[in-house]
Amino acid sequence: MTVKEASEYLTMPEPQIEKLIFQRKIRAIHDGDQYLIYKEQFNTHMEQVEKYKKLVEEILNEPVPEDIDIKDED
């Protein structure tokens, strides 16, 4: 996809997409006229974010164990 298409897909301004390309945070190739971006890299990232969210949700929803009644023997 082009920078313009990536901008629409990610709902980000085009200059910000270009900045991320120059910072090598978005992988792209330059064909002489424009940068071409592999769309699947965003899908993979989104899948990983969703997995992480589910893991965090599972951890947060885990029941808290009851307190063990500890008595002082003195």
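**Architecture and surface features of the predicted model**

From the N terminus onward, the elements of the protein chain follow the order α-α-β-β-α. The structure described here is a predicted model. Its protein chain contains three helices and two strands. Of the 74 residues in the protein chain, 16% count as buried. The accessible surface of the protein chain amounts to about 6,900 Å², and carbon and sulfur atoms contribute 51% of that surface. Among contacts in the protein chain with a separation of 6 or more, 33% are between residues 24 or more positions apart.

The N-terminal part of the chain is considered next. Thr2 is located in the segment before H1. With a relative accessible area of 18%, Thr2 falls under the 20% limit and is therefore classed as buried. When neighbours within four places in sequence are set aside, the contacts of Thr2 are with Gln34, Tyr35, Leu36 and Ile37. Three of these residues, Tyr35, Leu36 and Ile37, also appear among the contacts of Ala28, for which the list consists of Ile21, Tyr35, Leu36 and Ile37 once residues up to four places away in sequence are excluded. Ala28 belongs to strand S1, which spans residues 28–30. The relative accessible area of Ala28 is 29%, so this residue is partly exposed. A distance of 9.7 Å separates the C-alpha atom of Ala28 from that of Glu18, the two residues being 10 residues apart along the chain.

Glu18 is also part of a charged feature of the surface. Together with Glu5, Glu8 and Glu14, Glu18 forms a negative surface patch. Helix H1 (3–10) and helix H2 (14–22) are the elements that each supply two or more residues to this negative patch. Glu5, one of the patch members, is situated in helix H1. The relative accessibility of Glu5 is 40%, and this residue therefore counts as partly exposed.

Two residues in loops are notable for their backbone angles. Most residues other than glycine have a negative phi. Thr11, although not a glycine, has a positive phi of about 50°. Thr11 is placed in the loop between H1 and H2, and its relative accessibility of 70% means that Thr11 counts as exposed. A positive phi, of about 60°, is likewise found at Arg24, which is not a glycine either. Arg24 occupies the loop between H2 and S1. With a relative accessible area of 76%, Arg24 is exposed.

The remaining features concern helix H3. The count of salt bridges comes to one. This salt bridge joins the side chains of Glu50 and Lys53, with an N to O distance of 3.8 Å. Because the criterion requires a side-chain nitrogen of Lys or Arg within 4 Å of a carboxyl oxygen of Asp or Glu, the pair qualifies at 3.8 Å. Both Glu50 and Lys53 are in helix H3, which comprises residues 40–61, and their spacing of three residues corresponds to about one turn of the helix. The two partners are partly exposed: the relative accessible area is 42% for Glu50 and 48% for Lys53.

A nonpolar patch on the surface is formed by Tyr52, Leu55 and Ile59, which together have about 340 Å² of accessible area. Ile59 lies in helix H3, the helix that also holds Glu50 and Lys53. At 53% relative accessibility, Ile59 is over the 50% limit and so counts as exposed.

Definitions and conventions: Residues numbered from 1 in each chain as written. Predicted model: local features only at pLDDT ≥ 70, side-chain atom pairs only at ≥ 80, totals over all residues. Heavy atoms only, no water. Patch = residues over 30% accessible without salt bridge, like charges linked within 9 Å, V, L, I, M, F, W, Y side chains within 5 Å. Areas by Shrake-Rupley, 256 points an atom, 1.4 Å probe, with all protein chains shown as cover. Lys, Arg positive; Asp, Glu negative; His and termini not counted. Charge placed at Lys NZ, Arg CZ, Asp CG, Glu CD. Helix = DSSP H or I, 4+ residues; strand = E, 2+ residues; numbered from the N terminus. Buried < 20%, exposed > 50% of the residue type's maximum accessible area, 1.4 Å probe, protein only. Contact = heavy atoms within 4.5 Å.
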